[in-house]
Amino acid sequence: MAAFLQTNIRLNSIKIVPGRYSSLTDHQFRAPYRIRCAAASPGKKRYNIALLPGDGIGPEVISVAKIVLQKAGSLEGLEFDFQEMPVGGAALDLVGVPMPEQTFTAAKQSDAILLGAIGGYKWDKNEKHLRPEMALFYLRRDLKVFANLRPATVLPQLVDASTLKKEVAEGVDMMIVRELTGGIYFGEPRGIKINENGEEVGISTEIYAAHEVLNLDRIARVAFETARKRRGKLCSVDKANVLDASILWRKRVTALASEYPDVELSHMYVDNAAMQLIRDPKQFDTIVTNNIFGDILSDEASMITGSIGMLPSASLGESGPGLFEPIHGSAPDIAGQDKANPLATILSAAMLLKYGLGEEKAAKRIEDAVVDALNKGFRTGDIYSPGNKLVGCKEMGDEVLKSVESKVPATV
């Protein structure tokens, strides 16, 4: 599993589907720039990181996370080449498509990708193929990052920020493993058609295959391996009492369980899982589920922690770069006001180091620094409670940076 998760393989060739992306001229995007880590010297590790700030609060939180990533890396002897590229609505405004060819090329050829947020009210009326969110679908599909890891942990410092009673939220620590490139978001047939009565009909297809490209066995193995490294409990969430795709899902997950006798497997229907996440979230250790159920349940789990602004994610494939991003949206209503919580993006940078590059010591520095800043009482508006210090996005980043600098070398 460790080798699987360390997806820092650089690919030297890419295949762009004709007509999918538009090109940027040289003057329309920022050229790559080097941030050289402190005390860099020959022989130090060097990584290429693609930064995709995106829309809304994306540029704000990426700016903060980049600085923290740079400092944590420098303390562990790492160098980074950062390449910042437009994506989503920002790219639409620039060249008319959500995923320019140069952006995808930079992402594909990087060692890891750090993404901010995509979308906004401005583009809500665009045709589907010109919606900013399509950039995410293109990235996930064409990078073949099929496993989405979304941790949801209630930190002791933030238990009072949870919308649940303290005795319910305290101690919650789960990992949601979401299949990312199959299911109803990608299934065919799809679209809006006219039936024999002349009525519009919307079609979306939920489909999974056991041994084809949309391979549910591989996501199940990721989940079993993840559970094995946690508390040894895996809950597979489906809707096998109604959906044929879920019947196959449950059949394949059950068949693989014999290979992991040290992992306790259970099954739960998605409607019950949604209820149980609120009733007794501590019963869950690792959850594995399909694309649409994982999308919904992980957002629900985020609120147990106190704020969606706290949760990072990692999207990983069998090879090539991983995609790391906060699970919150672009929050256009607070963009540019220094109100965003950058911690989810900072923690996504930690996941980038840990799962994308295999640099666990640098990742631990960031994780410890976030906890230290919270211990000192610093809070953005979404996690604020009386008695703490209300700060903005930049100041929260500054406090995490101070904690990164003050910490002794991390142990893992």
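User: Is Cys235 buried or exposed?

Analyst: This is a predicted model. A residue counts as buried when its relative accessible area is under 20%. Cys235 has a relative accessible area of 5%, so it is buried. Cys393 is read in the manner just shown: its relative accessible area is 2%, and therefore it is buried.

User: How many disulfides does a search of the whole structure find?

Analyst: The search finds 0 disulfides.

User: What does the protein chain contain in helices and strands, and what percentage of its residues count as buried?

Analyst: The protein chain has 13 helices and 15 strands. It has 412 residues, and 53% of them count as buried. Its accessible surface is about 17600 Å², with 52% belonging to carbon and sulfur atoms. Contacts can also be sorted by separation in sequence. Among those between residues at least 6 apart, 77% join residues at least 24 apart.

User: How do I check the span of a helix such as H12?

Analyst: Take 1.5 Å times one less than the number of residues. Helix H12 covers residues 360–375, which is 16 residues, so it should span 22 Å; its end C-alpha atoms are 22 Å apart, in agreement. Just after H12, Gly377 has a positive phi of about 90 degrees.

User: Which residues of H12 are buried, and what do they pack against?

Analyst: The general idea is that an α-helix has 3.6 residues a turn, so residues three or four places apart point the same way. In H12 the buried residues include Ala362, Ile366, Ala369 and Ala373. The buried residues of H12 pack against helices H2, H11 and H13 and strands S3 and S14.

User: How do H2 and H13 lie relative to each other?

Analyst: An angle under 35 degrees counts as roughly parallel. The axes of H2 and H13 cross at roughly 5 degrees and come within 10 Å, so the two helices are roughly parallel to each other. Residues of H2 including Val61, Val64 and Val68 belong to a group that meets a group in H13, among them Cys393, Gly397 and Leu401. Cys393, named earlier as buried, is thus one of the H13 residues in this contact.

User: Why is H5 called largely enclosed by the rest of the structure?

Analyst: Helix H5 spans residues 134–143, and 8 of its 10 residues are buried, which is why it is called largely enclosed. Among the buried residues are Met134, Tyr138, Arg140 and Asp142. The cover over the buried residues of H5 includes helix H4 and strands S2, S4, S5, S6 and S13. Just after H5, Lys144 takes a positive phi of about 60 degrees.

Technical notes: Residues numbered from 1 in each chain as written. Predicted model: local features only at pLDDT ≥ 70, side-chain atom pairs only at ≥ 80, totals over all residues. Heavy atoms only, no water. Helix = DSSP H or I, 4+ residues; strand = E, 2+ residues; numbered from the N terminus. Buried < 20%, exposed > 50% of the residue type's maximum accessible area, 1.4 Å probe, protein only. Contact = heavy atoms within 4.5 Å. Areas by Shrake-Rupley, 256 points an atom, 1.4 Å probe, with all protein chains shown as cover. Disulfide = S-S within 2.5 Å. Axes fitted to C-alpha atoms, helices over the stretch in contact; angles between N-to-C directions. Parallel < 35°, antiparallel > 145°, perpendicular 65-115°, else oblique.
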